[in-house]
Amino acid sequence: MGWIKDKSLTIMLVFINIMFMFKLMEKTLIIQNFDYIFVILFYLISVFIYWLYSSALKKKIYKILSMLSSMIFLGLIIFFQYNIVSNFVKKEFINNYNVLYNLTDKLKPTYFYQFKPFFIVGFVILIPILLAITYKFNNFILIVNLIYIIFMWFLNFTEEVISCLHAYLFISIITYALFLYKRRIKELKKKNIEIRMSKVKMIIYCCILSVIISTVSVLLPQDIKGKYSINLKGIFENKFVSGNGSISSKKLKKNAYSIVNSGYSNSEKKLGGSIKINNKVAFQVRGRGIKYLKGTVRDYYTGYSWKDGEAESFFQKRKDKQIMNVYKLNEEKITNQSLVIYPKLLKTHSFLVPSYTYDVQTERGQVFYNKIPIFIGSHVQDKQYSVKYHLTNLETFEDMKREIEFSDGISNDYSLGNMQYERNREGKTIFIRSDKEENYITSFRFRTFNDTVESQYKKYLQVPKSVPRRVYNLVNSITLNCKNNIEKIENIKKYLEKNYKYSLEVSDVPDGRDFVDYFLFDGRKGYCTYFASSMTIMCRIAGIPSRYVEGFKMSNRMDLSSYNDVTNEQAHAWCEILINSNSNIWTAADPAPTPLEFRIRMNEKKKKDDYSMEYYKNMHNVPLKKQKNSDITKESTELNVNNSTNKFKIIHVLVLLLLILCVTLYLLLYNIKKNKMLEGKSIIPLYEYTLKRLKVIGIEKSAYMGDLEFIFTINDDELRSMLLKIVKIYYDEYYGNEFNNSYNKKEFYYNIEKYIKQKQNKIKYYFKKLLIK
């Protein structure tokens with residue numbers, strides 16, 4: 001108990017700091033299903049290991065022997081089970097590390113089970129060392145925590161770090177204050193100064209002080225100008241505000257929505273790679289007639305990612321101001337609608353809006369918009385906001401196509417220009433690329449009903465040099481016989497839908513390869529970002545201004561009268577194409593489903609297949625010939641079960657051996673202490689041990705009672721006579737420094753143990769005996 005009392009403050013404060021680190025790690029590395037019970041249990045194991053080396057094994061020789069025995073034990077396991085251990089290390093550590101490196105590099109979600117092997121090693125080795133160092137140098141844990149938070153900051157997890165600063169400040173203050181209190185108490189005790197203030201009160205005071213300081217630091221107003229701010233105006237350049245109420249897109253878009261928030265790879269860094277999407281609710285929406293909600297729009301394709309090309313200014317939205325006027329093809333088919341969004345897990349500065357949005361109202365800060373328009377707030381949108389928009393028949397390519405079919409003479413408004421091909425001497429169609437303008441396909445000339453496409457929408461025709469000639473040839477073959485852009489878009493969309501497989505499990509695109517080219521000719525499977533990127537680039541090659549969009553696609557099963565859950569499975573990327581250059585009207589051309597749509601489709605297909613199989617059985621009254629596949633499946637299942645069983649057996653054996661080793665070490669240490677007590681020169685350890693042992697059977701010496709006074713209170717004559725002899729020797733040694741070497745300590749020890757054993761049952765006796773220090 002003395003060890004726990006001495007180390008309790010260190011153990012508690014290190015635990016609090018470690019839990020903070022794990023919480024920040026959960027946020028920054030997007031760790032799903034984080035198991036804090038696992039962390040707490042293994043921290044207790046770390047404390048036990050620390051106790052073993054700091055208290056039980058005080059002598060260096062014992063520590064060395066225990067380390068050697070552990071190493072020998074591990075060496076024997078590796079020697080006799082090398083293949084099993086090798087496969088285990090490769091699977092649990094090396095493979096897990098590679099997977100985690102790729103996931104974290106692309107800012108994809110990770111899972112707690114992937115970190116478990118590393119956490120176990122950390123708790124067994126690093127945490128006991130951290131406890132030992134912190135006990136001697138109290139501020140060491142504060143330095144570790146500070147280095148960790150700075151490290152995360154420089155890894156560009158600024159938003160996550162800022163959100164945790166309040167907790168970090170609170171924990172750091174209370175840690176420093178309590179360790180300082182502990183050091184001062186030690187100094188005062190050395191000077192024999194009486195201390196009357198209780199530890200509990202001190203902890204309460206430190207907590208209150210920490211809460212006040214950390215809360216005040218957060219609540220202090222951030223926007224109040226300094227006394228000399230007017231005099232200094234003009235000396236420093238404010239890159240955030242660009243004048244006339246507009247704001248630099250770089251600052252706002254830093255906190256804009258991205259489908260990485262829902263489990264996808266970060267399209268601004270590197271497209272593609274395997275992903276896992278959960279069905280947790282991102283937000284709730286109430287509205288009607290919505291198919292898509294846009295979060296962000298990107299125009300510049302690098303060959304491996306999508307970025308914002310030319311810097312666009314954002315403007316602050318004024319109250320009751322309409323953002324845009326929609327080009328009205330048919331006034332009777334356009335109505336003003338509104339929807340309300342309730343954020344749940346999704347936390348972003350962006351407002352999710354339908355096409356043709358003209359107003360956004362929020363309780364959280366200011367609203368900014370650009371010419372697209374995309375709407376971004378000055379604060380994280382964690383409360384409900386409302387959106388007003390024009391409900392048209394132009395939201396999707398299919399809607400637009402139907403509108404053209406039912407509207408005579410309107411098709412010319414959608415003919416933004418046909419790409420002009422040149423023919424070589426053999427009469428074959430060829431494409432010309434401009435070396436002068438390497439980022440734009442200016443070598444393709446357009447016939448348009450006005451000149452706005454090439455001047456205003458040039459950035460939406462950008463194709464990088466990384467896109468090889470075979471992609472151009474493919475687009476040519478798909479669109480060669482098309483009469484207008486409508487047919488081109490339709491052919492490209494159908495080609496992607498028919499020839500490529502939707503899948504979330506894909507390989508990473510090799511370094512140096514163009515993302516679209518790899519998908520079209522090598523990978524041939526992918527999810528929405530693959531299809532949307534390919535659709536956008538292929539439309540650009542065909543001379544159609546297009547852009548890449550990320551947001552959410554609504555389910556067809558939405559209940560218009562209530563709030564609908566929108567999950568991460570509905571996060572989506574799609575292509576938008578320009579359909580009217582005069583009015584800046586775009587429509588969605590989407591060749592891929594969402595994960596939710598794909599899952600529903602697969603479930604329906606499975607039900608249909610199961611029904612067909614059952615119908616066949618009933619009609620023919622014979623079993624289907626699927627025995628071989630069934631046997632293979634059965635064997636595969638049995639193999640997996642056996643492998644899993646073997647793995648669990650190995651783990652159980654290792655755990656059992658570890659427990660046996662711990663028990664053996666404990667018994668060894670117990671015997672060493674007992675022999676030291678019985679064979680030593682002093683009688684004092686034996687007498688103190690006797691008092692502790694008698695306490696377990698209810699015979700207890702009061703702190704205010706003398707030793708002889710205590711003995712005469714014992715009613716048992718046999719026990720009283722034994723204790724009188726040892727107390728006399730104890731007094732001679734304690735007060736007179738006289739040692740009695742003739743007294744038989746072993747005989748006294750066994751007589752006392754025999755007496756106690758008679759008063760207790762065997763299980764209770766041995767349990768209590770082994771726990772007495």
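Contact here means heavy atoms within 4.5 Å. With that in hand, welcome to a predicted model whose protein chain has 22 helices and 22 strands. This briefing looks at the chain overall, then at one helix pair and one pair of cysteines.

**The chain as a whole**
- Of the 773 residues in the protein chain, 43% are buried.
- About 44,500 Å² of the protein chain is exposed, and carbon and sulfur atoms supply 57% of that area.
- Taking contacts between residues at least 6 apart in sequence, 74% join residues at least 24 apart.

**Helices H18 and H21**
- Helix H18 spans residues 684-695 and helix H21 spans residues 745-759; their axes come within 11 Å and cross at roughly 5°.
- Angles under 35 degrees count as roughly parallel, so H18 is roughly parallel to H21.
- On the H18 side, the residues that meet H21 are Leu686, Tyr689, Thr690, Arg693 and Leu694.
- Their partners in H21 are Lys745, Phe748, Tyr749, Ile752, Glu753 and Ile756.
- By type, the residues of this contact divide into seven nonpolar, one polar and three charged.

**Cys539 and Cys575**
- A disulfide is a covalent bond between the sulfur atoms of two cysteines.
- The structure holds zero disulfides, and for Cys539 the nearest cysteine sulfur, in Cys575, is 4.8 Å away.
- Why is the sulfur of Cys575 not in a bond with that of Cys539? A disulfide needs the two sulfur atoms within 2.5 Å, so 4.8 Å is too far for a bond.
- Cys539 is buried, with a relative accessible area of 0%, and Cys575 is likewise buried at 0%.

Methods. Residues numbered from 1 in each chain as written. Predicted model: local features only at pLDDT ≥ 70, side-chain atom pairs only at ≥ 80, totals over all residues. Heavy atoms only, no water. Axes fitted to C-alpha atoms, helices over the stretch in contact; angles between N-to-C directions. Helix = DSSP H or I, 4+ residues; strand = E, 2+ residues; numbered from the N terminus. Parallel < 35°, antiparallel > 145°, perpendicular 65-115°, else oblique. Nonpolar A, V, L, I, M, F, W, Y, C, P; charged D, E, K, R; others polar. Buried < 20%, exposed > 50% of the residue type's maximum accessible area, 1.4 Å probe, protein only. Areas by Shrake-Rupley, 256 points an atom, 1.4 Å probe, with all protein chains shown as cover.
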